[in-house]
Amino acid sequence: QSAHANAVQACRFVERSLAVWTAAEHAPFPERTSLVAQATTLLEEAKPLANIAAGANGGYQPLAATLSEVPRVPERLLVRALRAECANPNANSTPLLPNS
């Protein structure tokens, strides 16, 4: 697969994670814990795809770097970067995913 195809797949996981994370913000405590875990798992699944994309095209390095922070940084602090990186990962590309 091309770097772009891997980045698109990674961003689909990111998009799903952000949707679950947003739902978690408004959920009662027991459900929130489960949703946050789901969101984190989705970001973990995006990581290898982003790393493959970044290895083939340095323009995807910011996405891979942000995802590498997942175990150490709460998702709420990564949301802005993840949205930006999946909207337009580098200056020479078109958006990976359309704005929803």
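**Chatting through a four-helix chain**

Trainee: How many helices and strands does the protein chain have?
Mentor: There are four helices and zero strands in the protein chain. Reading from the N terminus, the order is α-α-α-α. Keep in mind that this is a predicted model.

Trainee: OK, what does the pLDDT look like?
Mentor: The average over the protein chain is 89, and 87% of the residues score at least 70. Among the elements, α2 has the highest mean at 96, while α4 has the lowest at 93.

Trainee: What share of the residues is buried?
Mentor: Of the 100 residues in the protein chain, 42% are buried. The chain exposes about 5700 Å², with carbon and sulfur atoms supplying 56% of that.

Trainee: And what about contacts between residues far apart in sequence?
Mentor: Take the contacts with a separation of 6 or more: 58% of them are between residues 24 or more positions apart.

Trainee: Let's do α2. What should its 28 residues span?
Mentor: At 1.5 Å a residue, helix α2 (residues 29-56) should span 40 Å. Its end C-alpha atoms are 41 Å apart, so that agrees.

Trainee: Where does α2 bend?
Mentor: At K47, by about 25 degrees. There's a proline, P48, that follows within four residues.

Trainee: Which residues of α2 are buried?
Mentor: L35, A39, L42, L43, A46, K47, L49, A50, A53 and A54. So K47 shows up twice here: it is on the buried list, and the bend is there too.

Trainee: What covers them?
Mentor: The cover includes α1 (3-25), α3 (61-68) and α4 (79-87).

Trainee: Is T40 in α2 buried or partly exposed?
Mentor: T40 sits in helix α2 and counts as partly exposed, because its relative accessibility is 31%; buried would need under 20%.

Trainee: What does T40 touch, then?
Mentor: Leaving out residues up to four places away in sequence, T40 touches S17, V70 and E75. T40 and E75 are 35 residues apart in sequence, yet their C-alpha atoms are 7.5 Å apart in space.

Trainee: Switching to α3. Which of its residues are buried?
Mentor: In α3, the buried ones are L63, A64, T66 and L67. They sit on the same side of α3, because they cover an arc of only 165 degrees around the axis. Their cover includes α1, α2 and α4.

Trainee: Hang on, T66 is a threonine. Why does it count as buried?
Mentor: T66 is at 11% relative accessibility, so it counts as buried; the cut-off is under 20%. Setting aside neighbours within four places in sequence, T66 is in contact with L78, A81, L82 and E85.

Trainee: Which α4 residues are buried?
Mentor: In α4, V79, L82, E85 and C86 are buried. Their arc around the axis is only 140 degrees, which puts them on the same side of α4. They pack against α1, α2 and α3. Two of the names came up a moment ago: L82 and E85 are among the contacts of T66.

Trainee: Last one: A5. Where is it, and how far is it from A53?
Mentor: A5 lies in helix α1. A5 and A53 are 48 residues apart in sequence and 7.9 Å apart in space, C-alpha to C-alpha. With a relative accessible area of 26%, A5 is partly exposed, whereas A53 is on the buried list of α2.

Notes:
Residues are numbered from 1 along each chain as its sequence is written. This is a predicted model: local features need pLDDT of at least 70, side-chain atom pairs count only at pLDDT 80 or more; totals for chains, interfaces and linings use all residues. Side-chain values use heavy atoms; hydrogens and water are left out. Helices (H or I, at least four residues) and strands (E, at least two) are DSSP runs, numbered from the N terminus. Buried means under 20% relative accessible area, exposed over 50%, partly exposed in between (1.4 Å probe, protein chains only). Contact means heavy atoms within 4.5 Å. Accessible areas come from the Shrake-Rupley method with a 1.4 Å probe; for residues, only the protein chains shown count as cover. The expected span of a helix is 1.5 Å times one less than its number of residues. The bend at a residue is the angle between axes fitted to the seven residues ending there and the seven starting there. pLDDT is the predictor's confidence in each residue, from 0 to 100. The arc is that of the directions from the helix axis to the C-beta atoms.
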